[in-house]
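Reader: I would like a close look at the part of this model where the two chains meet. Please start with how one chain is laid out, and then go through the contact surface and what lies behind it in one connected account.

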Amino acid sequence: MNNPNDLPTGRRQGLLLCHDCHKLVPAAESTGTCPRCGAALHLRKPNSINRTWALVVTAAILSFPANFLPIMRVDFLGTADLSTIMDGIIYFFKEGSYGIGAVILTASILVPCFKIIGMTLILLSIHFRWQSWLRHKALLFRIIEFIGRWSMLDIFVIALLQVLVHFQNLTTIAAAPAAPYFAGVVLATMFAAITFDPRLLWEA
Amino acid sequence: MTKSPSSQTLEQVIACPGCDLLVGRQHLNPGEKLYCPRCNEVLLAPKKNSIERSLALSLTGLLLFPYAMFLPIMTLDTMGLKNSGSIFDGVISTMATKHVFVGIILALTSIFFPLIKLALLFLVSLNLKLKRHPKTLPLMMRSYIHLDEWGMLEVFMIGVLVTIIKIHHMAHIRYDAGFFCFVGLMLVALCSSAMLDEDNYWHLIEEGKRR
(Lines give C-alpha, C1' and ligand atoms only; values in the text may rest on other atoms or scores of the structure.)
Protein backbone atom coordinates (compact mmCIF):
# COMPACT_ATOMS: atom_id res chain seq x y z
CA MET A 1 0.00 0.00 0.00
CA ASN A 2 3.05 2.25 0.26
CA ASN A 3 3.13 3.32 -3.33
CA PRO A 4 -0.39 3.75 -4.67
CA ASN A 5 0.96 3.94 -8.21
CA ASP A 6 1.87 0.25 -8.12
CA LEU A 7 -1.63 -0.98 -7.32
CA PRO A 8 -3.46 -2.69 -10.18
CA THR A 9 -6.52 -0.66 -11.11
CA GLY A 10 -8.99 -0.87 -13.96
CA ARG A 11 -7.65 2.34 -15.47
CA ARG A 12 -4.01 1.15 -15.46
CA GLN A 13 -4.98 -2.16 -17.06
CA GLY A 14 -7.05 -0.38 -19.69
CA LEU A 15 -10.32 -1.84 -18.43
CA LEU A 16 -13.72 -0.15 -18.41
CA LEU A 17 -16.16 -1.03 -15.65
CA CYS A 18 -19.82 -0.98 -16.63
CA HIS A 19 -21.66 1.38 -14.25
CA ASP A 20 -24.80 -0.76 -14.28
CA CYS A 21 -23.81 -4.42 -14.33
CA HIS A 22 -20.15 -4.10 -13.24
CA LYS A 23 -18.79 -6.08 -16.18
CA LEU A 24 -15.17 -5.42 -17.09
CA VAL A 25 -14.55 -4.59 -20.72
CA PRO A 26 -11.09 -3.95 -22.24
CA ALA A 27 -11.08 -0.35 -23.51
CA ALA A 28 -9.46 -1.50 -26.77
CA GLU A 29 -12.42 -3.78 -27.58
CA SER A 30 -15.12 -1.39 -26.40
CA THR A 31 -17.88 -0.39 -28.81
CA GLY A 32 -19.17 2.24 -26.38
CA THR A 33 -21.87 0.06 -24.88
CA CYS A 34 -21.64 -2.82 -22.43
CA PRO A 35 -21.88 -6.19 -24.25
CA ARG A 36 -23.78 -7.67 -21.32
CA CYS A 37 -26.36 -5.07 -20.32
CA GLY A 38 -26.25 -2.41 -23.04
CA ALA A 39 -25.39 0.55 -20.77
CA ALA A 40 -23.05 3.25 -22.11
CA LEU A 41 -19.45 2.55 -21.08
CA HIS A 42 -17.22 5.27 -19.68
CA LEU A 43 -13.90 5.10 -17.92
CA ARG A 44 -15.38 7.48 -15.33
CA LYS A 45 -18.86 8.94 -15.02
CA PRO A 46 -18.98 11.78 -17.58
CA ASN A 47 -18.43 15.31 -16.23
CA SER A 48 -18.75 13.89 -12.76
CA ILE A 49 -17.07 16.72 -10.83
CA ASN A 50 -18.85 19.58 -12.62
CA ARG A 51 -22.27 18.00 -12.41
CA THR A 52 -21.84 17.12 -8.75
CA TRP A 53 -20.66 20.65 -7.90
CA ALA A 54 -23.67 22.12 -9.72
CA LEU A 55 -26.09 19.88 -7.83
CA VAL A 56 -24.47 20.50 -4.45
CA VAL A 57 -24.61 24.27 -5.00
CA THR A 58 -28.26 23.95 -6.09
CA ALA A 59 -29.06 22.02 -2.93
CA ALA A 60 -27.27 24.59 -0.77
CA ILE A 61 -29.22 27.47 -2.36
CA LEU A 62 -32.57 25.67 -2.07
CA SER A 63 -31.88 24.95 1.61
CA PHE A 64 -32.56 28.58 2.49
CA PRO A 65 -36.19 28.81 1.32
CA ALA A 66 -36.71 25.21 2.46
CA ASN A 67 -35.79 26.06 6.03
CA PHE A 68 -36.94 29.66 6.41
CA LEU A 69 -40.32 29.54 4.65
CA PRO A 70 -43.22 27.79 6.37
CA ILE A 71 -43.62 24.15 5.29
CA MET A 72 -47.00 23.39 6.85
CA ARG A 73 -50.21 25.33 7.32
CA VAL A 74 -52.75 24.36 9.98
CA ASP A 75 -56.20 25.97 9.84
CA PHE A 76 -57.95 25.63 13.16
CA LEU A 77 -61.44 27.16 13.45
CA GLY A 78 -60.71 29.69 10.75
CA THR A 79 -57.29 30.83 12.01
CA ALA A 80 -54.26 29.85 9.98
CA ASP A 81 -51.04 28.81 11.65
CA LEU A 82 -47.94 28.53 9.48
CA SER A 83 -44.91 26.66 10.76
CA THR A 84 -41.38 26.07 9.48
CA ILE A 85 -39.51 22.79 9.88
CA MET A 86 -37.72 24.16 12.94
CA ASP A 87 -41.04 25.22 14.54
CA GLY A 88 -42.27 21.64 14.22
CA ILE A 89 -39.16 20.29 15.89
CA ILE A 90 -39.30 22.86 18.72
CA TYR A 91 -42.96 21.92 19.25
CA PHE A 92 -42.01 18.28 19.87
CA PHE A 93 -39.22 19.19 22.26
CA LYS A 94 -41.53 21.50 24.24
CA GLU A 95 -44.14 18.75 24.42
CA GLY A 96 -41.53 16.45 25.88
CA SER A 97 -41.50 14.08 22.85
CA TYR A 98 -37.70 14.14 22.61
CA GLY A 99 -37.42 10.91 20.64
CA ILE A 100 -39.64 11.97 17.77
CA GLY A 101 -38.22 15.49 17.87
CA ALA A 102 -34.76 14.00 17.44
CA VAL A 103 -35.91 11.82 14.51
CA ILE A 104 -37.34 14.82 12.63
CA LEU A 105 -34.36 17.01 13.52
CA THR A 106 -32.05 14.34 12.12
CA ALA A 107 -34.02 13.58 8.97
CA SER A 108 -35.01 17.13 8.01
CA ILE A 109 -32.09 19.29 9.13
CA LEU A 110 -29.01 17.30 10.10
CA VAL A 111 -29.09 14.85 7.17
CA PRO A 112 -29.43 17.51 4.43
CA CYS A 113 -26.67 19.60 6.08
CA PHE A 114 -24.48 16.53 6.41
CA LYS A 115 -24.97 15.67 2.73
CA ILE A 116 -24.17 19.16 1.47
CA ILE A 117 -21.14 19.66 3.75
CA GLY A 118 -19.91 16.11 3.15
CA MET A 119 -20.10 16.35 -0.65
CA THR A 120 -18.41 19.77 -0.56
CA LEU A 121 -15.61 18.30 1.51
CA ILE A 122 -15.18 15.40 -0.91
CA LEU A 123 -15.19 17.69 -3.94
CA LEU A 124 -12.72 20.12 -2.35
CA SER A 125 -10.50 17.23 -1.40
CA ILE A 126 -10.34 16.17 -5.05
CA HIS A 127 -9.82 19.75 -6.23
CA PHE A 128 -6.91 20.37 -3.86
CA ARG A 129 -5.57 16.80 -4.11
CA TRP A 130 -5.76 16.09 -0.40
CA GLN A 131 -4.65 12.48 -0.29
CA SER A 132 -5.07 11.75 3.38
CA TRP A 133 -8.05 10.03 5.04
CA LEU A 134 -9.06 8.40 1.75
CA ARG A 135 -10.73 5.40 3.38
CA HIS A 136 -12.73 7.74 5.61
CA LYS A 137 -13.79 9.89 2.69
CA ALA A 138 -14.89 6.74 0.83
CA LEU A 139 -16.94 5.81 3.89
CA LEU A 140 -18.34 9.34 4.10
CA PHE A 141 -19.54 9.04 0.50
CA ARG A 142 -21.18 5.68 1.14
CA ILE A 143 -23.02 7.18 4.13
CA ILE A 144 -24.18 10.13 2.01
CA GLU A 145 -25.43 7.71 -0.66
CA PHE A 146 -27.27 5.65 1.93
CA ILE A 147 -28.99 8.43 3.87
CA GLY A 148 -30.02 10.37 0.77
CA ARG A 149 -33.62 9.25 0.63
CA TRP A 150 -34.39 9.56 4.34
CA SER A 151 -34.85 13.33 4.29
CA MET A 152 -38.08 12.89 2.31
CA LEU A 153 -39.66 12.02 5.65
CA ASP A 154 -41.19 15.43 6.34
CA ILE A 155 -42.88 15.57 2.94
CA PHE A 156 -44.54 12.20 3.57
CA VAL A 157 -45.70 13.31 7.01
CA ILE A 158 -47.34 16.45 5.60
CA ALA A 159 -49.09 14.48 2.85
CA LEU A 160 -50.51 12.07 5.41
CA LEU A 161 -51.57 14.81 7.85
CA GLN A 162 -53.25 16.63 4.98
CA VAL A 163 -55.52 13.66 4.34
CA LEU A 164 -56.06 12.38 7.86
CA VAL A 165 -56.52 15.66 9.72
CA HIS A 166 -59.39 17.00 7.71
CA PHE A 167 -62.42 17.71 9.88
CA GLN A 168 -64.70 19.94 7.85
CA ASN A 169 -64.14 23.51 9.01
CA LEU A 170 -62.68 22.55 12.35
CA THR A 171 -59.13 21.63 11.39
CA THR A 172 -57.36 21.23 8.06
CA ILE A 173 -53.67 20.84 7.26
CA ALA A 174 -51.94 21.70 4.00
CA ALA A 175 -48.44 21.96 2.55
CA ALA A 176 -47.01 25.50 2.58
CA PRO A 177 -44.50 27.24 0.23
CA ALA A 178 -41.33 25.58 1.59
CA ALA A 179 -42.46 22.08 0.57
CA PRO A 180 -41.29 22.17 -3.08
CA TYR A 181 -37.93 23.71 -2.08
CA PHE A 182 -37.49 21.07 0.55
CA ALA A 183 -38.23 18.30 -1.96
CA GLY A 184 -35.80 20.06 -4.32
CA VAL A 185 -32.99 19.84 -1.75
CA VAL A 186 -33.57 16.10 -1.37
CA LEU A 187 -33.63 15.53 -5.13
CA ALA A 188 -30.53 17.66 -5.77
CA THR A 189 -28.49 15.88 -3.08
CA MET A 190 -29.61 12.45 -4.30
CA PHE A 191 -28.65 13.30 -7.87
CA ALA A 192 -25.33 14.70 -6.62
CA ALA A 193 -24.53 11.30 -5.10
CA ILE A 194 -25.55 9.60 -8.38
CA THR A 195 -23.42 11.81 -10.65
CA PHE A 196 -20.37 11.58 -8.39
CA ASP A 197 -17.81 8.91 -9.26
CA PRO A 198 -16.07 7.87 -6.01
CA ARG A 199 -13.10 6.46 -7.97
CA LEU A 200 -12.00 10.04 -8.62
CA LEU A 201 -11.13 10.37 -4.92
CA TRP A 202 -8.41 7.78 -5.32
CA GLU A 203 -6.95 9.39 -8.43
CA ALA A 204 -6.73 12.96 -7.17
CA MET B 1 -1.03 -0.15 -20.84
CA THR B 2 -0.54 -3.89 -20.82
CA LYS B 3 -1.87 -6.23 -23.47
CA SER B 4 -5.60 -6.59 -23.01
CA PRO B 5 -6.35 -9.76 -21.04
CA SER B 6 -8.53 -12.52 -22.40
CA SER B 7 -12.19 -12.55 -21.43
CA GLN B 8 -11.63 -15.67 -19.35
CA THR B 9 -9.08 -13.94 -17.11
CA LEU B 10 -11.41 -10.94 -16.91
CA GLU B 11 -14.11 -13.09 -15.36
CA GLN B 12 -11.73 -13.94 -12.53
CA VAL B 13 -11.27 -10.27 -11.67
CA ILE B 14 -13.52 -7.63 -10.12
CA ALA B 15 -12.90 -3.90 -10.37
CA CYS B 16 -14.06 -2.09 -7.25
CA PRO B 17 -16.76 0.42 -8.24
CA GLY B 18 -15.66 2.59 -5.30
CA CYS B 19 -11.93 2.91 -6.04
CA ASP B 20 -11.16 0.97 -9.26
CA LEU B 21 -8.82 -1.50 -7.55
CA LEU B 22 -8.65 -4.86 -9.29
CA VAL B 23 -9.43 -7.70 -6.91
CA GLY B 24 -9.39 -11.44 -7.61
CA ARG B 25 -12.82 -13.05 -7.61
CA GLN B 26 -13.27 -15.53 -4.77
CA HIS B 27 -15.76 -18.25 -4.17
CA LEU B 28 -17.98 -17.21 -1.28
CA ASN B 29 -20.70 -19.06 0.55
CA PRO B 30 -24.11 -17.42 0.79
CA GLY B 31 -24.11 -14.82 3.53
CA GLU B 32 -20.38 -14.09 3.20
CA LYS B 33 -19.16 -10.83 1.76
CA LEU B 34 -16.07 -9.79 -0.15
CA TYR B 35 -14.85 -6.29 0.73
CA CYS B 36 -12.48 -4.12 -1.26
CA PRO B 37 -9.14 -4.18 0.62
CA ARG B 38 -8.50 -0.53 -0.29
CA CYS B 39 -11.82 1.32 0.24
CA ASN B 40 -13.93 -1.29 2.06
CA GLU B 41 -16.75 -1.26 -0.51
CA VAL B 42 -18.80 -4.48 -0.64
CA LEU B 43 -17.77 -6.25 -3.85
CA LEU B 44 -19.67 -9.53 -3.65
CA ALA B 45 -22.49 -10.63 -1.36
CA PRO B 46 -23.96 -13.90 -2.59
CA LYS B 47 -27.40 -14.81 -1.28
CA LYS B 48 -28.98 -18.20 -0.75
CA ASN B 49 -31.72 -19.11 -3.27
CA SER B 50 -31.71 -15.53 -4.48
CA ILE B 51 -33.97 -16.13 -7.49
CA GLU B 52 -36.65 -18.12 -5.68
CA ARG B 53 -36.73 -15.75 -2.71
CA SER B 54 -36.84 -12.60 -4.82
CA LEU B 55 -39.56 -14.18 -6.93
CA ALA B 56 -41.69 -15.13 -3.93
CA LEU B 57 -41.19 -11.79 -2.18
CA SER B 58 -41.87 -9.65 -5.24
CA LEU B 59 -45.03 -11.64 -6.00
CA THR B 60 -46.24 -11.17 -2.42
CA GLY B 61 -45.48 -7.47 -2.74
CA LEU B 62 -47.45 -7.19 -5.97
CA LEU B 63 -50.46 -8.91 -4.38
CA LEU B 64 -50.34 -6.65 -1.30
CA PHE B 65 -49.76 -3.51 -3.33
CA PRO B 66 -53.34 -2.46 -4.22
CA TYR B 67 -54.55 -3.10 -0.67
CA ALA B 68 -51.68 -1.16 0.89
CA MET B 69 -52.26 1.79 -1.42
CA PHE B 70 -56.05 2.05 -1.65
CA LEU B 71 -57.42 0.79 1.66
CA PRO B 72 -57.65 3.45 4.39
CA ILE B 73 -54.69 3.16 6.75
CA MET B 74 -56.43 4.67 9.77
CA THR B 75 -59.55 6.42 10.98
CA LEU B 76 -59.37 9.46 13.24
CA ASP B 77 -62.19 10.20 15.59
CA THR B 78 -62.45 13.53 17.39
CA MET B 79 -65.54 15.05 18.95
CA GLY B 80 -67.79 12.81 16.90
CA LEU B 81 -66.13 13.74 13.61
CA LYS B 82 -64.58 10.83 11.76
CA ASN B 83 -62.06 10.88 8.97
CA SER B 84 -59.96 8.23 7.27
CA GLY B 85 -57.52 8.12 4.39
CA SER B 86 -55.26 5.86 2.36
CA ILE B 87 -51.70 6.34 1.07
CA PHE B 88 -53.19 6.98 -2.37
CA ASP B 89 -55.47 9.72 -0.97
CA GLY B 90 -52.44 11.38 0.60
CA VAL B 91 -50.66 11.56 -2.73
CA ILE B 92 -53.73 12.64 -4.68
CA SER B 93 -54.69 15.38 -2.23
CA THR B 94 -51.17 16.83 -2.51
CA MET B 95 -51.42 16.71 -6.31
CA ALA B 96 -54.76 18.50 -6.10
CA THR B 97 -53.31 21.47 -4.17
CA LYS B 98 -51.07 24.03 -5.80
CA HIS B 99 -48.04 21.93 -4.87
CA VAL B 100 -48.13 19.79 -8.00
CA PHE B 101 -44.35 19.31 -8.03
CA VAL B 102 -44.40 17.86 -4.51
CA GLY B 103 -47.41 15.73 -5.49
CA ILE B 104 -45.57 14.28 -8.47
CA ILE B 105 -42.50 13.43 -6.38
CA LEU B 106 -44.78 11.78 -3.81
CA ALA B 107 -46.61 9.79 -6.48
CA LEU B 108 -43.32 8.61 -7.99
CA THR B 109 -41.47 7.69 -4.80
CA SER B 110 -44.34 6.12 -2.87
CA ILE B 111 -46.53 4.54 -5.55
CA PHE B 112 -45.06 4.38 -9.04
CA PHE B 113 -41.40 3.41 -8.40
CA PRO B 114 -42.14 0.83 -5.69
CA LEU B 115 -44.69 -0.81 -8.02
CA ILE B 116 -42.37 -0.78 -11.02
CA LYS B 117 -39.53 -2.14 -8.88
CA LEU B 118 -41.62 -5.08 -7.66
CA ALA B 119 -42.87 -5.79 -11.17
CA LEU B 120 -39.37 -5.66 -12.70
CA LEU B 121 -37.89 -7.86 -9.99
CA PHE B 122 -40.74 -10.33 -10.44
CA LEU B 123 -40.31 -10.44 -14.23
CA VAL B 124 -36.52 -10.77 -14.15
CA SER B 125 -36.62 -13.47 -11.45
CA LEU B 126 -39.40 -15.36 -13.23
CA ASN B 127 -37.50 -15.35 -16.52
CA LEU B 128 -34.30 -16.52 -14.85
CA LYS B 129 -36.18 -19.20 -12.94
CA LEU B 130 -37.77 -20.49 -16.15
CA LYS B 131 -34.42 -20.10 -17.95
CA ARG B 132 -36.01 -17.85 -20.54
CA HIS B 133 -34.00 -15.00 -21.96
CA PRO B 134 -36.09 -12.38 -23.73
CA LYS B 135 -34.16 -9.52 -25.32
CA THR B 136 -35.48 -7.01 -22.81
CA LEU B 137 -34.09 -8.88 -19.79
CA PRO B 138 -30.86 -6.83 -19.43
CA LEU B 139 -32.86 -3.61 -19.82
CA MET B 140 -35.33 -4.70 -17.11
CA MET B 141 -32.50 -5.54 -14.73
CA ARG B 142 -30.76 -2.23 -15.43
CA SER B 143 -33.98 -0.28 -14.86
CA TYR B 144 -34.43 -2.08 -11.56
CA ILE B 145 -30.94 -1.11 -10.41
CA HIS B 146 -31.46 2.53 -11.38
CA LEU B 147 -34.84 2.73 -9.62
CA ASP B 148 -33.63 0.97 -6.48
CA GLU B 149 -33.12 4.02 -4.27
CA TRP B 150 -36.12 5.92 -5.66
CA GLY B 151 -38.75 3.65 -4.18
CA MET B 152 -39.16 5.05 -0.67
CA LEU B 153 -41.63 2.80 1.13
CA GLU B 154 -39.41 2.49 4.24
CA VAL B 155 -39.16 6.26 4.50
CA PHE B 156 -42.92 6.51 4.10
CA MET B 157 -43.33 3.95 6.89
CA ILE B 158 -41.35 6.15 9.29
CA GLY B 159 -43.54 9.02 8.03
CA VAL B 160 -46.64 7.06 9.06
CA LEU B 161 -45.17 6.51 12.53
CA VAL B 162 -44.27 10.19 12.94
CA THR B 163 -47.80 11.11 11.83
CA ILE B 164 -49.30 8.79 14.44
CA ILE B 165 -47.20 10.35 17.20
CA LYS B 166 -48.17 13.82 15.97
CA ILE B 167 -51.91 13.21 16.10
CA HIS B 168 -52.41 10.57 18.76
CA HIS B 169 -53.43 13.02 21.46
CA MET B 170 -55.71 15.15 19.35
CA ALA B 171 -57.91 12.31 18.13
CA HIS B 172 -58.67 8.69 18.75
CA ILE B 173 -56.89 6.53 16.14
CA ARG B 174 -58.27 3.29 14.79
CA TYR B 175 -55.87 1.32 12.60
CA ASP B 176 -57.52 -0.02 9.47
CA ALA B 177 -56.63 -2.90 7.17
CA GLY B 178 -54.58 -0.64 4.88
CA PHE B 179 -52.13 0.05 7.71
CA PHE B 180 -51.25 -3.62 8.13
CA CYS B 181 -51.09 -4.18 4.38
CA PHE B 182 -48.73 -1.23 4.09
CA VAL B 183 -46.45 -2.52 6.85
CA GLY B 184 -46.44 -5.90 5.09
CA LEU B 185 -45.70 -4.36 1.71
CA MET B 186 -42.85 -2.31 3.14
CA LEU B 187 -41.24 -5.34 4.79
CA VAL B 188 -41.65 -7.50 1.70
CA ALA B 189 -40.21 -4.82 -0.58
CA LEU B 190 -37.27 -4.32 1.79
CA CYS B 191 -36.55 -8.07 1.97
CA SER B 192 -36.88 -8.52 -1.80
CA SER B 193 -34.14 -5.93 -2.35
CA ALA B 194 -32.00 -7.50 0.35
CA MET B 195 -32.35 -10.99 -1.17
CA LEU B 196 -31.26 -9.92 -4.64
CA ASP B 197 -27.83 -11.21 -5.63
CA GLU B 198 -27.00 -8.77 -8.42
CA ASP B 199 -23.74 -10.42 -9.44
CA ASN B 200 -25.42 -13.80 -9.84
CA TYR B 201 -28.34 -12.27 -11.77
CA TRP B 202 -26.02 -10.59 -14.24
CA HIS B 203 -24.00 -13.77 -14.58
CA LEU B 204 -27.13 -15.77 -15.47
CA ILE B 205 -28.36 -13.07 -17.86
CA GLU B 206 -25.02 -13.19 -19.67
CA GLU B 207 -25.06 -16.99 -19.87
CA GLY B 208 -28.54 -16.87 -21.35
CA LYS B 209 -27.40 -14.36 -23.93
CA ARG B 210 -24.57 -16.62 -25.09
CA ARG B 211 -26.84 -19.57 -25.71
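Author: The domain bounds used here come from an automatic or database domain assignment. The model itself is predicted. On that assignment, chain A has domain 1 at residues 1–43 and domain 2 at residues 47–203. The C-alpha centres of these two domains of chain A are 34 Å apart.

The overall dimensions of chain A come next. Along the principal axes, its C-alpha atoms fill a box of roughly 70 × 35 × 25 Å. Chain A is more spread out than a compact globule, because its radius of gyration is 22 Å, well over the 17 Å that the globule rule gives for 204 residues. Buried residues account for 40% of the 204 residues of chain A. Of the contacts in chain A between residues at least 6 apart in sequence, 62% join residues at least 24 apart.

Chain A contains 6 helices and 6 strands. Read from the N terminus, its elements follow the order β-β-α-β-β-α-α-α-α-β-β-α. Between β2 and α1 (48–68) of chain A there is a loop, and A:Asn47 lies in it. Domain 2 of chain A begins at residue 47. Phi of A:Asn47 is near 50°, which is positive although the residue is not glycine. Most residues other than glycine have a negative phi. A:Asn47 has 13 other C-beta atoms within 10 Å and is partly exposed.

Now the contact surface. On chain A, 54 residues are in contact with 53 residues of chain B. The elements of chain A that give two or more residues to this side are strands β1 (15–17), β2 (24–26), β5 (166–167) and β6 (171–175), together with helices α3 (98–127), α4 (134–147), α5 (153–164) and α6 (178–195). The largest share, 10 residues, comes from α5(A). By residue class, the side of chain A that touches chain B has 36 nonpolar, 11 polar and 7 charged residues.

Next, the nonpolar core. In soluble globular proteins, nonpolar side chains tend to be buried together. The largest nonpolar core here has 113 residues, and those that touch the most other members are A:Ile155, A:Phe156, A:Ile158, A:Ala179, A:Phe182 and B:Leu185. The core thus named has members from chain A and from chain B. With 12 residues, α6(A) gives the most to this core. Apart from its neighbours within four places in sequence, A:Phe182 is in contact with A:Ala66, A:Ile71, A:Asp154 and A:Ile155.

B:Leu185 leads to the helix that holds it on the other chain, α7(B). Helix α7 of chain B covers residues 177–195, 19 residues in all, and its first and last C-alpha atoms are 27 Å apart, close to the 27 Å expected at 1.5 Å a residue. Its buried residues are B:Gly178, B:Phe179, B:Cys181, B:Phe182, B:Leu185, B:Met186, B:Val188, B:Ala189, B:Ser192 and B:Met195. An α-helix has 3.6 residues a turn, so residues three or four places apart point the same way. The buried residues of α7(B) pack against helices α2 (50–70), α3 (87–96), α4 (100–129) and α6 (153–167) of chain B, and against strands β5 (74–78) and β7 (172–175) of that chain.

Terms used
Residues are numbered from 1 along each chain as its sequence is written. Chains are lettered from A and ligands numbered from 1 in the order in which they are written. This is a predicted model: local features need pLDDT of at least 70, side-chain atom pairs count only at pLDDT 80 or more; totals for chains, interfaces and linings use all residues. Two residues are in contact if their C-beta atoms, placed from the backbone, lie within 7 Å. Helices (H or I, at least four residues) and strands (E, at least two) are DSSP runs, numbered from the N terminus. Ala, Val, Leu, Ile, Met, Phe, Trp, Tyr, Cys and Pro count as nonpolar, Asp, Glu, Lys and Arg as charged, and the others, Gly among them, as polar. The expected span of a helix is 1.5 Å times one less than its number of residues. A residue is buried if 20 or more other C-beta atoms lie within 10 Å of its own, exposed if 12 or fewer, and partly exposed in between; C-beta atoms are placed from the backbone. The radius of gyration is taken over C-alpha atoms; the globule rule is 2.2 Å times the number of residues to the power 0.38. A nonpolar core is a set of buried Ala, Val, Leu, Ile, Met, Phe, Trp, Tyr and Cys residues joined through C-beta atoms within 7 Å.
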